[in-house]
Amino acid sequence: MDRIIIKNTISLVNERAKICGFIESVRAHGSVLFFDIRDYSGTIQTVITSSNEDYEVAKKIRPEWVVEVVGIVKERPEKMKNINIETGEVEMEIESITVLSKAKTPPFSISSSGYEINEELRMKYRYIDLRRKRMMENMKMRHKALLHCRNFLNERGFTEIETPILTKSTPEGARDFLVPSRLHPGSFYALPQSPQQYKQMLMVAGLEKYFQIARCFRDEDLRADRQAEFTQIDIELSFTSREEILELVEEMVIQLTEVLFPEKKIKEKPFPRISYNEAIDKWGTDSPDLRHDKDNEEEMAFAFIVDFPMFEQSEKGKWSAVHHPFTKPTQEDTKKIKKSPEKIFSLQYDLVLNGHEIAGGSMRSHDPEILMAVFEVLGHKKEDIENKFGHLFEAFSYGVPPHGGIAFGFERLLMVMRNEENIREVIAFPKTGDGRELTMGTPSSNIEKEQLKELSIKVEKNEKKRGKESN
RNA sequence: GCGGCCGUAGCUUAGUCCGGCUUAAAGCGCCUCCCUGUCACGGAGGAGAUCGUGGGUUCGAAUCCCAUCGGCCGCGCCA
């Protein structure tokens with residue numbers, strides 16, 4: 001007999017069926033036993049009486065054991081229906097029950113939302129934590145949202161392309177995670193902070209409309225809405241304009257909201273375009289929360305922030321790019337760019353939602369002279385530029401379509417959509433505040449000497465930190 | 001790197017300010033027994049805590065002091 005998923009039992013009244021799942025709760029009444037059984041689709045009440053030959057086995061069954069049940073789905077008598085659960089109009093009369101796996105008592109309750117439970121404990125036993133309804137729904141919505149975006153972009157002619165995870169350290173920007181190379185002792189790959197340069201080279205390749213669901217890595221300190229490892233929906237297209245890109249992502253997130261989160265109200269359509277200077281003047285931030293009521297989780301206040309300054313200056317007088325150096329300045333006179341960087345604006349844009357920056361992008365400099373001028377303002381020497389970005393200049397020298405793009409911080413978007421305060425709630429196995437993953441116990445210093453030797457790595461022991469090791 | 005908050009049974013917390021009425025309390029969970037219609041089942045009983053760790057002050061420390069470890073949030077950082 002094939003196993004059916006629990007939510008489908010509703011349509012099988014008076015039929016024999018097999019279900020599998022976890023014991024959610026046990027209610028014992030002498031010679032009648034009720035088990036609520038849960039699988040990923042839902043929960044159903046099952047019942048067994050002392051006349052059943054499996055009754056003695058059933059009496060020993062405890063919450064979270066994994067069982068297989070064969071029985072008859074019955075409509076419940078009117079007064080025994082439970083309108084509070086999806087399958088509350090039916091129950092399964094157990095004919096036979098088999099224990100597939102016993103379970104220890106879980107270290108914490110999984111019937112609650114889980115917010116009250118010590119997070120370190122939740123992370124250590126994440127595979128149990130994910131059993132709770134809220135987490136299960138977060139994971140399912142994550143899947144649906146990603147699928148929605150993938151389908152949306154596919155329908156508009158975008159090609160999904162995977163760029164390397166083992167890539168090259170990028171100067172400036174965030175710290176890189178480095179990976180030692182065995183075949184090239186002393187050389188390192190870096191994990192991508194974003195697929196930025198690869199996707200621009202795909203434009204040189206003529207692929208025109210690219211997207212990727214891209215894992216990105218930044219070795220910086222974490223925040224409630226920031227992880228070291230995260231997912232971007234990364235988009236780039238050729239022969240485009242700022243407005244075309246804004247309209248594309250606007251349509252994508254409006255559809256996403258209306259299809260998957262119909263309870264949400266989008267405050268303003270089309271999204272307002274607000275200049276950076278106006279945002280700073282009015283709200284003192286470039287990611288303002290524009291909701292009427294800041295406590296209203298159902299209100300989605302999207303806005304595009306545009307017209308960013310190209311450069312910002314540190315206290316020491318060093319210039320850096322507000323976004324990244326590939327962003328196209330609005331000024332095309334390279335002399336003016338170099339002479340007064342403070343006056344230069346860029347074709348950068350951010351999408352903000354309820355006080356969170358959820359996407360950022362720009363039109364890119366495809367003119368090598370402008371790109372070079374920007375690098376010079378940033379204080380790179382000519383040979384440095386050749387060394388670090390020569391590949392991009394060379395690529396551009398073979399003909400490059402004007403192009404631009406955008407990248408979504410996917411988890412941040414999802415976090416807001418799911419009314420979560422923390423990005424960890426929408427990630428299956430997230431990192432703690434100090435960058436550890438507690439289920440596996442990463443990072444680990446428990447590396448075989450032989451492995452280190454192959455990689456030509458010597459480790460200076462840091463006694464102070466060793467106590468934190470999980471393995 | 002800096003700042004704030006936090007750490008007491010398996011879980012969530014009370015007690016900490018103001019040291020002794022504490023043999024450290026409660027709810028949930030767990031174990032045993034009873035119960036044929038519950039669905040947060042109910043009833044009876046029971047086990048379970050060297051109060052994060054180390055040191056100090058004191059006749060006496062969960063409580064005061066010092067150090068240390070761990071967690072969360074924020075700042076820096078995040079092209």
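Begin by selecting β12 and strand β14 (residues 302-306) in this predicted model. The two strands pair in the parallel sense, over three bridges. Within this pairing, S275 stands opposite V306 of β14. As background, the strands of a sheet pair through backbone hydrogen bonds, either parallel or antiparallel.

**The eight-stranded sheet**

Extend the selection from β12 and β14 to the whole sheet. It is an open sheet of eight strands with mixed pairing, and its order is β6-β9-β10-β19-β18-β17-β14-β12. Which are the edge strands? They are β6 (159-160) and β12 (273-275), each of which pairs on one side only.

Next, display helix α5 (residues 196-204), which packs on the sheet and touches β9 (209-217), β10 and β19. The direction of α5 makes about 25° with that of β10.

**Helix α11**

Now select helix α11, residues 410-417. This helix lies across β10, β17, β18 and β19, and runs at about 50° to β19. How many of the residues of α11 are buried? Eight of its eight residues are, and the helix is described as mostly covered. Those residues are F410, E411, R412, L413, L414, M415, V416 and M417.

To see what covers them, add the surrounding elements to the view. The cover of the buried α11 residues includes α4 (133-155) and the strands β10 (229-238), β17 (348-353), β18 (356-363) and β19 (403-409). Just after α11, centre on N419, which takes a positive phi of about 60°.

**R142 in helix α4**

Move to α4 and select R142, which lies in this helix. R142 touches L414 and V426, leaving aside residues up to four places away in sequence. Is R142 buried or partly exposed? R142 is partly exposed because 19 other C-beta atoms lie within 10 Å, whereas 20 or more would make a residue buried. A distance can also be drawn from here: the C-alpha atoms of R142 and L153, eleven residues apart along the chain, are separated by 17 Å.

**The nonpolar cores**

In soluble globular proteins, nonpolar side chains tend to be buried together. The largest nonpolar core here has 48 residues. Within this core, select F302, A303, F304, I305, L351, L353 and L413, which touch the most other members. The largest share of the core, six residues, comes from α11.

L353 is a useful residue on which to centre the view. Its contacts are M300, A301, F302, I358, L413 and V416, not counting residues up to four places away in sequence. A second, separate core has 17 residues, including I6, I19, F22 and I48.

**Strands β2, β3 and β5**

Select β2 and β3 next. These strands form a hairpin with two residues between them, and they pair in the antiparallel sense over eight bridges. One position to mark is D36, whose bridge partner in β3 is Q45.

Then add strand β5 (residues 90-101), which pairs with β3 in the parallel sense over two bridges. Here the bridge partner of T46 is M92 in β5.

**The surroundings of RNA strand B**

Display RNA strand B together with the residues around it. How many residues surround this strand? There are 53, and the closest are G30, N118, G173, D221 and G433. The elements that give two or more residues to the surface near RNA strand B are β1 (16-29), β2 (32-39), β3 (42-49), α2 (119-124) and β16 (319-321). Which element gives the most? It is β1, with four residues.

**The whole chain**

Finally, zoom out to chain A, which has 13 helices and 19 strands. Along its principal axes, the C-alpha trace spans about 90 × 60 × 40 Å. Of the 471 residues in the chain, 30% are buried. Among contacts with a separation of 6 or more, 65% join residues 24 or more positions apart.

Colour the chain by its domain assignment, which gives domain 1 (6-101) and domain 2 (123-308 + 346-366 + 401-426). The centres of domain 1 and domain 2, taken over C-alpha atoms, are separated by 43 Å.

Key. Residues numbered from 1 in each chain as written. Chains lettered and ligands numbered in written order. Predicted model: local features only at pLDDT ≥ 70, side-chain atom pairs only at ≥ 80, totals over all residues. Buried ≥ 20, exposed ≤ 12 C-beta atoms within 10 Å, placed from the backbone. Contact = placed C-beta atoms within 7 Å. Pairing = 2+ DSSP bridges. Axes fitted to C-alpha atoms, helices over the stretch in contact; angles between N-to-C directions. Domains from an automatic or database assignment. Core = buried A, V, L, I, M, F, W, Y, C linked by C-beta atoms within 7 Å. Near = placed C-beta within 6 Å.
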